[in-house]
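Me: I should like to go through the side-chain contacts and strand pairing of a model, with the criterion behind each term. Please set each value against its definition.

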Amino acid sequence: SFDKPGKYIISMKYYDTQQKNYLEKNISITIKESNVINLRLLKEDTVLSDTTKPYALIGGISIPHDIKLTINPGVTINGNHFGIQVEGSLEVNGTKENPITIYDSNIAPQGNRSFDANIIIKHGNLIGTAPYSSYGDRIGGTLELSDSYLYDFTDEIYLWVPSGPVNIVRNNFNTTGGINWELSRYSINIENNKFENWQTQSAININTLAKVYGNTFIYPKRE
């Protein structure tokens with residue numbers, strides 16, 4: 001197993017169709033040092049704060065309704081295509097000088113309408129990581145997404161009947177899904193964002209009254 005950093009040699013045996021016999025080949029790989037995360041279901045409030053090496057997910061993270069996961073400035077997370085499911089609270093507290101970077105993950109609310117997810121993302125670089133994908137039956141929640149760079153994912157930011165104010169401001173969306181929501185009695189503010197090359201039919205799909213202004217749209221090229 002590759003559970004420790006270092007250099008590993010993998011021996012591979014394969015059949016060569018031209019030579020018509022089995023051959024062996026050695027491949028060298030290097031595993032860099034990282035903080036391995038296998039938290040699964042969080043049982044207490046948790047803070048990720050180590051900026052000296054990245055965190056690496058080896059399984060999904062589930063945040064129950066009474067638990068908060070906080071990610072401090074400067075942290076890097078390699079998601080390895082595992083998701084962060086939020087029934088409680090997730091706070092990604094980057095700063096302009098020390099943003100938080102999350103690669104290849106997925107942030108999504110979970111649970112039911114009795115427990116509404118609270119997701120706050122400030123000064124984040126979300127690469128291949130959708131910040132509010134919606135799966136399941138009409139899950140409520142709130143989203144504060146600001147001053148972040150989002151790149152290379154196809155999921156929509158889909159708010160199923162938000163249970164509180166939603167603010168999406170001063171972000172740069174590049175090659176991402178659009179923003180969509182259902183009816184809301186709370187304020188929805190989408191202001192001063194830049195949208196480039198969105199992967200859905202529209203960058204913003206407005207289904208109810210919302211405050212949408214000051215946004216820049218660079219239309220994607222269509223074949």
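Me: Why is Tyr-219 classed as exposed or buried, and which of the two is it?

Reply: Tyr-219 is exposed, because its relative accessible area is 65%. Buried means under 20% relative accessible area, exposed means over 50%, and partly exposed lies in between (1.4 Å probe, protein chains only). This is a predicted model, in which local features need pLDDT of at least 70 and side-chain atom pairs count only at pLDDT 80 or more, while totals for chains, interfaces and linings use all residues. Residues are numbered from 1 along each chain as its sequence is written, and side-chain values use heavy atoms, with hydrogens and water left out.

Me: What makes Phe-195 and Phe-217 an aromatic pair, and of which kind?

Reply: Rings of Phe, Tyr and Trp (its six-membered ring) pair if their centres lie within 6.5 Å; planes under 30 degrees apart count as stacked, over 60 as edge-to-face and the rest as tilted. For Phe-195 and Phe-217 the centres are 5.2 Å apart and the planes differ by 10°, and the pair is stacked. The two residues are 22 apart and link distant parts of the chain, Phe-195 being in strand 23 (residues 194-196) and Phe-217 in strand 26 (residues 216-218). Helices (H or I, at least four residues) and strands (E, at least two) are DSSP runs, numbered from the N terminus. Phe-195 has 3% relative accessibility and therefore counts as buried, whereas Phe-217, at 33%, is partly exposed.

Me: Why is the pair of Trp-198 and Tyr-219 called edge-to-face?

Reply: The ring centres of Trp-198 and Tyr-219 are 5.5 Å apart and the planes stand at 65°, so the pair is edge-to-face. Trp-198 lies in the loop between strand 23 and strand 24 (204-205) and Tyr-219 in the segment after strand 26, so parts 21 residues apart in sequence are tied together. Trp-198 has 6% relative accessibility and so counts as buried. Phe-173, Phe-195, Trp-198, Phe-217 and Tyr-219 form one aromatic cluster.

Me: How do you know that Glu-91 and Lys-68 form a salt bridge?

Reply: A salt bridge is a side-chain nitrogen of Lys or Arg within 4 Å of a carboxyl oxygen of Asp or Glu. The closest N and O atoms of Glu-91 and Lys-68 are 3.8 Å apart, which meets the criterion. Glu-91 is in strand 11 (residues 89-93) and Lys-68 in strand 8 (residues 68-71), so the pair ties together parts 23 residues apart in sequence. Glu-91, at 19% relative accessibility, counts as buried, and Lys-68, at 32%, as partly exposed.

Me: Which other salt bridges can be named?

Reply: The structure holds five salt bridges; among them, Lys-53 meets Asp-50 at 3.4 Å, N to O. Another joins Lys-211 and Glu-191 at 3.9 Å. That pair links distant parts of the chain, with Lys-211 in strand 25 (residues 211-213) and Glu-191 in strand 22 (residues 188-191), 20 residues apart.

Me: What makes strand 21 and strand 24 a pair?

Reply: Two strands pair if DSSP finds at least two bridges between them. Two bridges join strand 21 (residues 179-181) to strand 24, and the strands run parallel. Within this pairing, Asn-180 stands opposite Asn-205 in strand 24.

Me: Why are strand 18 and strand 24 said to stand at the edges?

Reply: Three strands form an open sheet in the order 18-21-24, with parallel pairing. Strand 18 (157-159) and strand 24 each have a single partner strand, so one side of each is left without a neighbour in the sheet.
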